[in-house]
Amino acid sequence: MPVRQTKENSEQRLVIKNHLQNTMNPVQRAPKTAQNGKGPPAAPEPQNIKQPHYQTSPPIKNRGRRRGRGGRKSDQGDVCMRPSSRPCTLAHKPLNPAAGDLVAATSNGSIQNGHNLGGIEMGFPTSSKSLNFAPRPGYGQVGTKCIVKANHFFAELPEKDLNQYDVTITPEVASRTVNRAIMAELVRLYKESDLGMRLPAYDGRKSLYTAGELPFAWKEFTIKLVDEGDGINGPKREREYKVVIKIVARANMHHLGQFLAGKHADAPQEALQILDIVLRELSTKRYCPIGRSFFSPDIRAPQRLGDGLESWCGFYQSIRPTQMGLSLNIDMASAAFIEPLPVIQFVAQLLGKDVLSRPLSDADRVKIKKALRGVKVEVTHRENVRRKYRVSGLTSQPTRELVFPVDDNSTMKSVVEYFQEMYGFTIQHTHLPCLQVGNQRKANYLPMEACKIVEGQRYTKRLNERQITALLKVTCQRPRDRENDILQTVQHNAYDQDPYAKEFGIKISENLASVEARILPAPWLKYHETGKEKDCLPQVGQWNMMNKKMINGMTVSRWACINFSRSVQESVARGFCNELAQMCQVSGMEFNPEPVIPIYSARPEQVEKALKHVYHASMNKTKGKELELLLAILPDNNGSLYGDLKRICETDLGLISQCCLTKHVFRISKQYLANVALKINVKMGGRNTVLLDAISCRIPLVSDIPTIIFGADVTHPENGEDSSPSIAAVVASQDWPEVTKYAGLVCAQAHRQELIQDLYKTWQDPVRGTVSGGMIRDLLVSFRKATGQKPLRIIFYRDGVSEGQFYQVLLYELDAIRKACASLEPNYQPPVTFIIVQKRHHTRLFANNHRDRSSTDKSGNILPGTVVDTKICHPTEFDFYLCSHAGIQGTSRPAHYHVLWDENNFTADGIQSLTNNLCYTYARCTRSVSVVPPAYYAHLAAFRARFYMEPEMEENGSTGGDTGHTKTTRAAGESGVRPLPALKENVKRVMFYC
């Protein structure tokens with residue numbers, strides 16, 4: 001399969017192959033294992049085994065991933081090796097390959113520890129993607145069978161071979177839009193002659209695709225393009241471009257057909273990419289393309305979001321390989337756009353006041369500058385010319401004071417005079433500043449009243465609470481409405497009439513895919529023997545705490561309360577604390593009704609002083625005994641107070657805290673108090689409930705031997721933050737066989753780095769020599785301390801990884817797990833199952849019949865426990881969709897689980913049931929949740945750690961956005977990122993992030 005490669009990529013492959021041939025011992029071919037991959041591993045020849053040397057694999061920088069940015073997710077990973085058969089699996093005893101046997105790609109493309117993976121034959125890789133993911137071990141059978149509909153539309157594979165051509169445009173153009181305009185003009189002029197009647201698809205950059213060959217292998221064209229931004233009726237500027245088109249490769253559709261039929265393990269990404277571009281071509285011309293979505297104000301009337309923003313509706317479209325063949329995944333989408341208003345109107349909306357009569361304050365000016373920087377405007381003062389400019393800033397003086405040199409003799413003229421003389425345009429509002437456009441060295445001034453914002457500009461900065469609420473109202477659709485909108489979109493797109501789809505021979509079905517699904521049963525939950533109800537079977541994904549007591553209720557004897565809310569009087573705060581203490585007792589905790597010291601009132605800006613006062617006053621009162629819990633009452637809009645409080649408590653004072661908002665203090669509900677009690681109990685080290693099957697040791701591949709379950713996630717800074725670090729969090733179960741309590745660790749790492757750098761690390765100590773550490777190692781050690789046993793099996797749920805980074809993440813992080821284990825004890829290699837959890841996908845499942853109340857929950861969504869592993873899933877790999885939660889509003893999004901590596905030999909039923917059952921053990925509520933709890937907890941811990949960054953690194957309060965100063969997150973040190981302040985030991989041990 002020909003691949004269009006960057007020079008760098010091809011060089012890297014050469015390095016890999018040379019390195020392999022020069023430095024690796026030739027590998028003895030092991031006898032083939034049994035067909036199902038479960039045969040005993042062949043023993044490797046002793047002379048081929050090298051002693052592993054441990055060091056932290058160098059980081060593979062995050063290139064493709066932009067969470068929530070709509071960047072194309074590339075599947076061209078930096079990965080080097082694939083074992084040629086299924087990974088060795090555990091029968092009755094743990095695997096014990098030589099420690100660190102995983103192959104890891106280093107940054108220069110060489111291979112580390114490259115010999116034999118658990119007895120698996122490792123031939124030379126034929127490509128850079130030669131690591132096999134776990135194959136599907138069969139299909140799940142457990143549960144009640146039903147039919148659901150999915151927003152996947154069957155795409156018939158074209159029989160034609162596709163050709164790829166390289167496009168070079170000179171002078172070079174940065175804008176895809178201009179590139180497309182050049183190519184559209186070329187096709188218009190030459191389609192019937194030089195292009196031999198072919199209608200090519202173009203990616204807007206360097207590649208052109210055709211169905212069948214063009215009549216030439218290389219040709220140069222000259223294209224003249226009129227600059228439409230210059231004039232409507234007046235003179236227009238014409239630009240000339242040279243376009244060279246030359247053949248690069250032919251994409252073979254047979255390979256794709258074999259892959260879809262499950263006869264080929266490697267996805268031919270190039271063929272998929274070509275088909276994706278072909279099917280996007282018409283929509284790209286019709287709508288405003290952003291990432292993989294298309295938006296238009298004509299799809300549905302835009303809704304105002306406030307502050308000069310509006311929401312546009314659109315649709316997401318992506319071609320995916322599935323078991324049913326090629327499938328077009330289509331979903332509804334919404335995004336915030338800048339309203340195409342006259343600039344003065346936009347400014348009035350932004351500031352929420354009349355700007356025509358009063359002068360602007362400095363704060364107003366900063367706000368306008370922030371909102372308009374980078375925004376495109378068009379001028380309205382020249383009748384027949386609508387020239388477009390990008391705003392670079394705002395003048396510090398009002399328009400009436402602005403002068404500029406009009407010639408080389410430094411003759412000065414005022415802006416007001418210039419516009420009057422040159423255009424006959426009288427500036428009315430001379431008290432307002434001018435927009436600066438163009439570059440800073442040669443700034444051009446445009447009066448606000450002569451400018452209008454250009455339509456179709458997406459707003460990429462952070463939305464405020466009001467805007468988020470307004471956007472959610474637009475996007476939140478009941479399942480039936482969403483399904484109808486998706487069907488209407490497919491009909492409106494009329495793929496059967498699409499000239500590009502026709503040209504390439506692609507046919508798209510207009511019906512949603514009908515898919516066989518199963519509804520997994522809810523697990524029984526165990527509560528304390530002293531409660532009226534000792535166990536419970538959740539109904540439709542939910543239950544409550546009535547008549548139940550927590551299975552391990554903790555004791556709180558020393559607690560205090562700080563009231564940061566001016567509107568809450570002391571008597572009200574006291575009443576609330578009493579109610580909360582009672583609820584904790586009713587729920588099964590022992591909770592002293594009296595605080596150590598009286599409730600302390602403080603102002604939010606004195607948070608540190610107040611916390612330290614209460615901490616020391618309590619210590620004095622209890623003669624040096626630590627405070628166990630701090631309750632804090634916060635104003636509803638508390639800016640940075642919540643984050644500051646958590647940072648000081650968890651990294652400075654070692655206090656466990658529970659915050660409550662003023663609105664809940666005034667309107668006390670039993671449900672709210674019960675939920676807060678659940679949170680307090682786990683923060684104190686207790687358990688609220690456990691799976692009945694866990695206690696009676698009936699969970700396959702968890703109950704038989706000590707098993708640790710990890711969850712890991714990386715959260716990246718928001719768009720527009722160019723330097724703040726990404727934060728990684730790892731949690732791990734600390735109890736067995738219950739697997740309910742999770743300890744968590746966090747660390748900062750390089751900006752937008754997806755691979756978790758601190759899973760395993762070594763450093764030199766002047767006294768002890770080489771020292772091993774890292775998050776995995778620390779959590780394995782704490783599991784041993786908590787349970788008295790070392791884990792003999794590892795299950796690792798990894799959240800937030802895009803498909804393009806599966807290979808990198810698996811190689812790097814599995815290698816780190818291996819090394820962390822080996823550093824604890826020679827030959828300690830518990831078998832690992834590595835599962836990616838994805839919520840950021842666009843597959844939606846709908847009930848087959850919306851009128852059948854027995855097949856939906858109250859919100860009209862599919863029932864909790866619905867699992868799908870056929871038809872819309874991967875042709876050969878081990879993945880499934882699981883909707884484990886009951887919907888509340890809108891359309892439920894199932895979680896997508898992809899088992900990349902499985903040495904524990906899970907069956908489909910085994911991993912699906914375990915994952916679904918774990919979703920009922922989430923500590924913070926009495927509902928099953930949408931993502932497996934360890935992954936959810938890792939997300940919470942990473943989110944919490946954002947608050948630990950030093951205040952000077954933070955944005956101003958919680959408003960977000962660019963404050964104009966560079967953050968000081970870079971520091972001297974290995975990774976160039978300032979480490980987070982360490983969590984206090986007593987905080988680390990409990991679920992502080994809940």
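Buried denotes a relative accessible area under 20%, exposed over 50% and partly exposed in between, computed with a 1.4 Å probe on protein chains only. The model shown is predicted: local features need pLDDT of at least 70, side-chain atom pairs count only at pLDDT 80 or more, and totals for chains, interfaces and linings use all residues. Residues are numbered from 1 along each chain as its sequence is written, and side-chain values use heavy atoms, with hydrogens and water left out.

**Figure 1. Gly314 in strand S13 of the predicted model.** Strand S13 comprises residues 309-322; strands (E, at least two residues) and helices (H or I, at least four) are DSSP runs, numbered from the N terminus. Gly314 is buried, its relative accessible area being 0%. Contact means heavy atoms within 4.5 Å. With neighbours within four places in sequence set aside, Gly314 is in contact with Phe294, Phe295, Ile299, Asp331, Met332 and Ala333. The C-alpha atom of Gly314 is 8.1 Å from that of Ala335, and these two residues are 21 residues apart in sequence.

**Figure 2. Surroundings of Phe564 in the loop between strand S27 and helix H11.** Strand S27 spans 559-563 and helix H11 spans 570-586. Phe564 is buried, with a relative accessible area of 1%. Not counting residues up to four places away in sequence, Phe564 touches Ala602, Arg603, Pro604, Val607, Ala610, Ile633, Leu634, Pro635, Leu641 and Leu645. Phe564 and Asn638 are 74 residues apart along the chain, and a C-alpha separation of 9.2 Å lies between them.

**Figure 3. Packing of helix H12 against helix H13.** Helix H12 (residues 607-621) packs with helix H13 (residues 641-653) at an angle of about 40°, and their axes are 10 Å apart. Axes are lines fitted to C-alpha atoms, for helices over the stretch in contact, and angles run from 0 to 180 degrees between N-to-C directions. H12 is therefore oblique to H13; angles under 35 degrees count as roughly parallel, over 145 as roughly antiparallel, 65 to 115 as roughly perpendicular and the rest as oblique. The crossing of H12 and H13 is right-handed, the near helix being turned clockwise from the far one by less than a right angle, whereas an anticlockwise turn is left-handed. In the contact, Val607, Glu608, Leu611, Lys612 and Tyr615 of H12 meet Leu641, Asp644, Leu645, Ile648, Cys649, Asp652 and Leu653 of H13. These residues comprise eight nonpolar, no polar and four charged, where Ala, Val, Leu, Ile, Met, Phe, Trp, Tyr, Cys and Pro count as nonpolar, Asp, Glu, Lys and Arg as charged, and the others, Gly among them, as polar.

**Figure 4. Packing of helix H5 against helix H6.** The axes of H5 (residues 343-351) and H6 (residues 362-372) are 11 Å apart, at an angle of about 120°. H5 and H6 are therefore oblique to each other, and their crossing is right-handed. From H5, Val343, Phe346, Val347, Leu350 and Leu351 meet Asp364, Lys367, Ile368, Ala371 and Leu372 of H6. Eight nonpolar, no polar and two charged residues make up the contact of H5 with H6.

**Figure 5. The hairpin of strands S36 and S37.** S36 (residues 761-765) and S37 (residues 769-773) pair in the antiparallel sense over five bridges; strands pair if DSSP finds at least two bridges between them. Thr770 in S37 is the bridge partner of Gln764. Three residues form the hairpin connection from S36 to S37.
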